[in-house]
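Work through these exercises with the model open. Each task is followed by a worked solution.

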Amino acid sequence: MIKIAIFGFGAVGQGVAEVLLNKRDALRRLIGDFRVVAITDSKGGIADENGVDLLKALEIKRKRKRLPEGITTLDVINSLDFDVCIEATVTNIEHGEPGLTHIKECLKRGVDVITSNKGPLVVAYRELADLADRKDAKLMFEATVGGAMPIIKLVKNDLAGNEIYAIKGILNGTCNYILSRMEKEKLSYDQILAEAKELGIAEADPTYDVEGIDAAAKLVIIANSLMDMDVKFEDVERIGITNITPEAFEVAMDKGYTIRLIAEVDKVERILRVSPRLIPIQHPLAISGTLNAALIKTDLAGDIVVVGKGAGSKETASAIISDLIELYRC
Ligand SMILES: NC(=O)c1ccc[n+]([C@@H]2O[C@H](COP(=O)([O-])OP(=O)(O)OC[C@H]3O[C@@H](n4cnc5c(N)ncnc54)[C@H](OP(=O)(O)O)[C@@H]3O)[C@@H](O)[C@H]2O)c1
């Protein structure tokens, strides 16, 4: 019996709970019997060694916006017996908390960790990976980069044995949405951003996305975990998309190019950068809308390109569930 604890019950935590509920039988065939023994949010939680009623937990959260008070995530870690935590609390790339403490405390106890939270990995990937090794626990993080787009396990498993020279990608769907609409509609950055906010594609404060911070955080995770590098967030050269004009698109398009926010790490050229780049219109990275994409340059397999939905409750749950199956496949 696999005992699961879910920390963070927002879009992602709820998405995971829905999949565990709706695909229970199919998942049992893949990983054997499992139950969720705890779910927490910022104010409280529900814990039951015999299994939390997921449907009820989802109803409570949706109706009352909060889980019952009286239990914290650290209470769960310190007092409950579970095999794996799904860490889906808020991202903070300066100090990594609260996720960093949750992940460390779980790994110290030999509990496997699956996280969608970039913060702890940006701040302390090497420390967490070493801790996991020492404690014979697993640290899985497919959901931190590219949402449903497979990249972490793709490189670690399917491209195992390859040297990864460089990875170049579109790692922020909000920026890509804004730029691809500027390309097609010749409207200003501010006009498209206002509409993106109305549609819920951009946050009320879009700084994290449009200044390239989110893409840079993902690039740090990619460099450290897939390319054996040791880089920090501050090492990333970073320019956002706020100064791109419709005129810049006109000039680019006249020459057969478009403009995209590209995150790139290149070991040979010593590049670690997020910036708007000219991309040939036919290039595989010239994708539109909120999609993410990555071009992986390897020694044996040559170039590999992946494209997929970079965010969303169900899409991120897809990455988390794939990590769960990788951990416990019968
Ligand atoms: N949404 C996506 O498409 C997506 C994609 C990839 C990665 N991610 C990452 O996945 C994580 C979750 O994203 P989300 O969209 O679900 O965010 P969200 O909707 O804001 O949910 C965050 C959750 O974390 C909870 N939380 C905060 N502090 C906590 C604590 N100390 N203990 C337990 N729970 C705590 C919040 O509690 P309250 O409900 O009480 O506020 C909330 O339930 C983030 O790190 C995000 O960057 C998200």
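**Exercise 1. Place helix 1 against the strands. Which strands does helix 1 lie across?**

Solution. This is a predicted model. Start at helix 1, residues 11-22. Helix 1 lies across strand 1 (2-7), strand 2 and strand 4 (84-87). Now take the angle: helix 1 runs at about 150° to strand 1.

**Exercise 2. Lay out the open sheet. In what order do its six strands stand?**

Solution. Write the order down: 3-2-1-4-5-6, with mixed pairing. Next, find the edges. Strand 3 (45-47) and strand 6 (139-140) each have a single partner strand, so one side of each is left without a neighbour in the sheet. Then look at one pair. Strand 2 (residues 34-40) and strand 3 are antiparallel, joined over three bridges. In this pair, alanine 38 stands opposite alanine 47 of strand 3.

**Exercise 3. Describe the ligand shell. Which residues are closest to the ligand?**

Solution. Count first: 26 residues surround the ligand. The closest are Gly8, Gly10, Val12, Ser42 and Ala311. Sort the shell by type: nine residues are nonpolar, 13 polar and four charged. Then sort by element. Helix 1 gives the largest share, three residues.

**Exercise 4. Judge the whole chain. How many helices and strands are there in the protein chain?**

Solution. The protein chain has 13 helices and 12 strands. Its radius of gyration is 20 Å, close to the 20 Å that the globule rule gives for 330 residues, so the chain is as compact as a globular protein of that length. Check burial last: buried residues make up 43% of the 330 residues.

Definitions and conventions. Residues are numbered from 1 along each chain as its sequence is written. This is a predicted model: local features need pLDDT of at least 70, side-chain atom pairs count only at pLDDT 80 or more; totals for chains, interfaces and linings use all residues. A residue is near a molecule or strand if its C-beta atom, placed from the backbone, lies within 6 Å of it. Helices (H or I, at least four residues) and strands (E, at least two) are DSSP runs, numbered from the N terminus. Ala, Val, Leu, Ile, Met, Phe, Trp, Tyr, Cys and Pro count as nonpolar, Asp, Glu, Lys and Arg as charged, and the others, Gly among them, as polar. The radius of gyration is taken over C-alpha atoms; the globule rule is 2.2 Å times the number of residues to the power 0.38. A residue is buried if 20 or more other C-beta atoms lie within 10 Å of its own, exposed if 12 or fewer, and partly exposed in between; C-beta atoms are placed from the backbone. Two strands pair if DSSP finds at least two bridges between them. Two residues are in contact if their C-beta atoms, placed from the backbone, lie within 7 Å. Axes are lines fitted to C-alpha atoms, for helices over the stretch in contact, and angles run from 0 to 180 degrees between N-to-C directions.
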